[in-house]
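Please find below a note on the structure, set out as numbered points. The points move from the whole chain to individual elements and residues.

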Amino acid sequence: MKTFLESLKFPVQEVNRKSSSEKGPGRPPYWEMVFYWTRKPLVGARAVIAGALLPEDLDENLFKVAIRLSSRTPHRENPQTPAEFAKYFEGKKLLDPFAGFGSIPLEGLRLGLDVTAVELLPTTYIFLKAVLEYPKKFGKSLIKDVGRWGEWITEQLKNDPEIRELYDDDVAVYIGTWEIKCPHCGRWTPAIGNFWLARVKDNKGYKRLAYMKPEKNGDEVEIKVIDLNEILGDISKAKIDGNEIIFEGENYVKTVKEAIRSGKLKQNDVKIDGNKVIFKVPSANIESRRSQLTCLMCGNVIKYADENGNHHMKLKNGDFYVKFALRKYHEGDEHFARQRLLVKVKIDERDLIFEPATREDNERLWKAKEKVKEMLEKGDPDVPSETIPLYENRRITPILSAEKWYQFFNPRQLLTLIKIVRLIREVGKKVEEEKLKEGWSAEQAFEYAEAVATYLSVALVNQVRHNCIVTSVEPTRKFVAHALASRGI
Ligand SMILES: [Zn+2]
């Protein structure tokens, strides 16, 4: 007997349409829980599973109603299977041997099947428990408990003296980068791949424009913030041509001249050309693909390093100097590279305020490094010191030269991460005790505690991808691009 899926009545076009809208703006909310590359739309999974179990002579409309195909977002509703479907579904088993994030098994469960999901990746196995097992077993009380304990962790962090010492209360984001000691002039130069801080547009024109500008001060590169909203007020009429931001009109010329007079701007920050004012956003001074860094102090180009760290403009099979410097840094030799904060970002009534990072900000970052060193020397098991696996014989971050997971974090990020891990563990114990007191069995109490800790760990995964050294500035929209943003399919 043929199945409904094999019959010409299977509404393949409608299923396709709903599936593609589910991949776009109609995404299931629980997808936001983690970043996952390849997810199957729920409505598609539902239609295929149900279609594979039902007979070909089934009424087409009955099928559509059952899988909620006429709903705007079918995945938001459970399927509505009539009693007569029971004989096709009852006792049926669904095995997904490569379950991934679990769309197929989830829809199997919603159709009332006996489902087994298998996944080899350990983290994904845990996500599957969060998607398939815990909600079914413990229901809505989980939402309340995860929220409550999440807030508890936030409070603990806010009151933690070490965290208070490391961070300012009012700073939302710190922007930093690597500094390399220039082999030509012997001074530190930051490596900056993008000088833009904000480049936000809406249908009325530009809304927010700001960028960084390096300035030499003695033997150091200082970073100045050029915030055009602050200087000009209304910036909606700006035109951007490559790296140039252009304003046309006498009123802009007047405002800029005043800003120069009052010291807000320097003469060389802006060019006045007739009735035009032109701001030039600096170009990236690092181009990893061409193995090239330009020193912001002396202007010389830095290319390759040999094994001893000698610089060469040409070197067969030589390493990019930056890659060499970072490898040395990770090995504990800090003569070639160091981390540096450039700008701190505050939030005021939903607007971003950019301020140059100060020497004290950087000193705090370096102070955290001492604490991390101590932990590493002691072999603290909470430091993620596992080796990053090779992918096709290469590390996934060739320039970063990272070999261990903890090298994805600056010391301050790492200390915070470790604190959160410990707090989640503590929550697990507290939840278990709470449930035992309420009279739950030891096994149930443990499992419930495990569930709460799992959701908090999933939140930690999100925290991590927004707070590591491969998190980057995304000036046009969200402002912060998470670590996996450029790798998504
Ligand atoms: Zn130099």
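1. What percentage of the 489 residues of the chain count as buried? In this predicted model, the share of residues that count as buried is 45%. Along the principal axes, the C-alpha atoms occupy a box of roughly 80 × 60 × 50 Å.

2. The secondary structure of the chain consists of 14 helices and 21 strands. Among contacts with a separation of 6 or more, 60% join residues 24 or more positions apart.

3. Two domains are assigned: domain 1 covers residues 12–123 and domain 2 covers residues 171–361. Their C-alpha centres are 49 Å apart.

4. Helix H2 comprises residues 42–53, and its 12 residues reach 17 Å from the first C-alpha to the last, close to the expected 16 Å. Because nine of these 12 residues are buried, H2 is largely enclosed by the rest of the structure. The buried set consists of Leu42, Val43, Gly44, Ala45, Arg46, Ala47, Ile49, Ala50 and Gly51. These residues pack against helices H1 (12–23), H3 (60–66), H4 (86–89) and H5, and also against strand E1 (93–96).

5. Helix H6 spans residues 122–138; its end C-alpha atoms are 22 Å apart, which agrees with the 24 Å that 17 residues should span at 1.5 Å a residue. H6 nevertheless has a bend of about 35°, located at alanine 130. After H6 comes glycine 139, with a positive phi near 65°.

6. Which residues of H6 are buried? They are Thr124, Phe127, Leu128, Lys129, Ala130, Val131, Leu132, Tyr134 and Phe138. Alanine 130, the site of the bend, therefore belongs to the buried set as well. An α-helix has 3.6 residues a turn, so residues three or four places apart point the same way. The cover over the buried residues of H6 includes helix H5 (103–110), strand E2 (114–117), helix H7 (141–159) and helix H14 (442–466).

7. Aspartate 145 is placed in helix H7. Is this residue buried or exposed? Aspartate 145 counts as buried because its relative accessibility is 6%, below the 20% cut-off. Leaving aside residues up to four places away in sequence, aspartate 145 touches Lys435, Tyr448 and Val452. The C-alpha of aspartate 145 is 9.8 Å from that of alanine 449, although 304 residues separate the two along the chain.

8. Which protein residues donate to the zinc ion? The donors are the SG atoms of Cys182, Cys185, Cys295 and Cys298, at 2.3 Å from the ion. Their spacing in sequence is C-x2-C-x109-C-x2-C. The angles subtended by the four donor atoms are 105 to 115°, so the arrangement is tetrahedral.

9. Accessibility was also computed for two of the zinc donors. Cysteine 182 has a relative accessible area of 3% and is therefore buried. Cysteine 185, at 26% relative accessibility, counts as partly exposed, since the partly exposed class lies between the 20% and 50% cut-offs.

Notes. Residues numbered from 1 in each chain as written. Predicted model: local features only at pLDDT ≥ 70, side-chain atom pairs only at ≥ 80, totals over all residues. Heavy atoms only, no water. Domains from an automatic or database assignment. Helix = DSSP H or I, 4+ residues; strand = E, 2+ residues; numbered from the N terminus. Expected span 1.5 Å × (residues − 1). Bend = angle between axes of the 7 residues up to and from the residue. Buried < 20%, exposed > 50% of the residue type's maximum accessible area, 1.4 Å probe, protein only. Contact = heavy atoms within 4.5 Å. Donors = N, O, S within 2.8 Å, 3.2 Å for Na, K, Ca; no water. Tetrahedral: all angles 85-135°; square planar, octahedral: opposite > 155°, others 65-115°.
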